[in-house]
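Subject: Structure for your files

Hello,

Here is the structure I said I would pass on. My notes follow below it.

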Amino acid sequence: MDLLGSILGSMEPPPSIGDEAKKRVKEQNALLKKKQEDEKNRLEQFRAQTEKRIHAFVTDSNKQKYKWEPMDKVFRAIIHEVADVAGLTSFSFGLEEQDRYVMLWKKEFTPSDEEVLAYRRGEEWDPEKAKEIAKQKEAELQLEAESSKSKTVSNPTHNYKDKYKHLIGEEAAKDAAKQTTANKSYGFVPSENKRDSRTIEQVLADTRAKKKLKTDTGSIPDPSVVSPSSEDTAQP
């Protein structure tokens, strides 16, 4: 026997579960399973009851909305799900874990924003009272619009020209300004002054004369020196 085998052989075996302990664990598992099944059956029964109540509400032409009693979140979720399948509008109002409930409306009687806000504030919705409040608001808006139209623009008692009369004179600067016209000929050189009226023969003769003068003097000719007349140097 090796060392590992001797160590394992010297160790005490783990305690075995007795029959009573096994029975107790089995009973606990069975109890847990039964609770789960009971909860499932309870939710299924509630769903069936919800479907019946919603069906009765939909088929009743005299009812526009339906209020449920306060209940837990899991049951409210079932109501919202069934109501959505039935084509209804649903909202939850109230405080969680205190008095939160579900309210249903038929699609043709979908609540307005004011009605939803009233229920969220914990108030009862009164359509007649809401109409009166809407009329009052409309009258206030009309009165405000009329008052804004009737307001007149205040005119100053003094003219600013009188205050600055010693600076701008009797006439305003805009009236006293004179219209100036640009001088179109300013900086303009006529094209006639830029045109060379010499013939080709005259240009060639002037060029040869400049070259000859350059070779004779050995320097660049002065532009101020007048070149020979084109008539004298022109070839016959």
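I begin with a side-chain pair: serine 92 and histidine 80 make a polar contact through their side chains, at 2.7 Å. Please keep in mind throughout that this is a predicted model. Serine 92 belongs to strand β2. Its relative accessible area is 18%, and because the limit for buried is under 20%, serine 92 counts as buried. Setting aside neighbours within four places in sequence, serine 92 is in contact with Arg76, His80, Arg100, Tyr101 and Val102. Several of these names come back below.

Overall make-up

The chain contains 11 helices and three strands. Along the sequence they come in the order α-α-β-α-β-β-α-α-α-α-α-α-α-α. The chain has 236 residues, of which 14% count as buried. About 20800 Å² of the chain is exposed, with carbon and sulfur atoms supplying 53% of that area. If one takes the contacts between residues at least 6 apart in sequence, 48% of them join residues at least 24 apart.

The strands

Strand β3 covers residues 101–105, and five of its five residues are buried. Tyr101, Met103 and Trp105 point one way from β3, while Val102 and Leu104 point the other way; all are buried.

Which strands pair with β3, and in what sense? Strand β1 (residues 65–67) pairs with β3 in the antiparallel sense, over three bridges. Strand β2 (residues 89–93) also pairs with β3 in the antiparallel sense, over five bridges. Leucine 104 of β3 appears in both pairings: tyrosine 66 stands opposite leucine 104, and leucine 104 is also the bridge partner of serine 90.

After β3 comes lysine 107, placed in the loop between β3 and α4 (113–120). Lysine 107 has 51% relative accessibility and therefore counts as exposed, the limit being over 50%. Not counting residues up to four places away in sequence, lysine 107 touches Gly87, Leu88 and Thr89. From lysine 107 to lysine 65 the separation is 42 residues in sequence and 9.8 Å in space, C-alpha to C-alpha.

Salt bridges

Side chains of opposite charge can pair when their charged atoms come close. The count of salt bridges in this model comes to eight. I describe some of them here.

Glutamate 96 and arginine 76 meet through their side chains in a salt bridge, with an N to O distance of 2.8 Å. Glutamate 96 sits in the loop between β2 and β3, whereas arginine 76 sits in helix α3 (residues 73–85), so this pair ties together parts that are 20 residues apart in sequence. Are the two partners buried or exposed? Glutamate 96 is partly exposed, at 41% relative accessibility, and arginine 76 is buried, at 5%.

Glutamate 96 also forms a salt bridge with arginine 100, where the closest N and O atoms are 3.8 Å apart. Arginine 100 has a relative accessible area of 24% and is partly exposed. Through shared partners, these salt bridges join Arg76, Glu96 and Arg100 into one network. Arg76 and Arg100 are also among the contacts of serine 92.

Another salt bridge lies within one helix. The side chains of arginine 42 and glutamate 39 meet at 3.0 Å, N to O. Both residues are in helix α2 (residues 19–59), three residues apart, which is about one turn of the helix. Arginine 42 has a relative accessible area of 43% and is partly exposed. Glutamate 39 is likewise partly exposed, with a relative accessible area of 34%.

A surface patch

Ile7, Leu8 and Met11 form a nonpolar patch on the surface. Together these residues have about 310 Å² of accessible area. Leucine 8 lies in helix α1, which runs over residues 3–10. With a relative accessibility of 53%, leucine 8 counts as exposed.

That is what I have on this model.

Regards

Notes: Residues numbered from 1 in each chain as written. Predicted model: local features only at pLDDT ≥ 70, side-chain atom pairs only at ≥ 80, totals over all residues. Heavy atoms only, no water. Patch = residues over 30% accessible without salt bridge, like charges linked within 9 Å, V, L, I, M, F, W, Y side chains within 5 Å. Areas by Shrake-Rupley, 256 points an atom, 1.4 Å probe, with all protein chains shown as cover. Salt bridge = Lys/Arg side-chain N within 4 Å of Asp/Glu carboxyl O. Helix = DSSP H or I, 4+ residues; strand = E, 2+ residues; numbered from the N terminus. Buried < 20%, exposed > 50% of the residue type's maximum accessible area, 1.4 Å probe, protein only. Pairing = 2+ DSSP bridges. Polar contact = N/O pair within 3.5 Å; in protein donor to acceptor, adjacent residues only side chain to side chain. Contact = heavy atoms within 4.5 Å.
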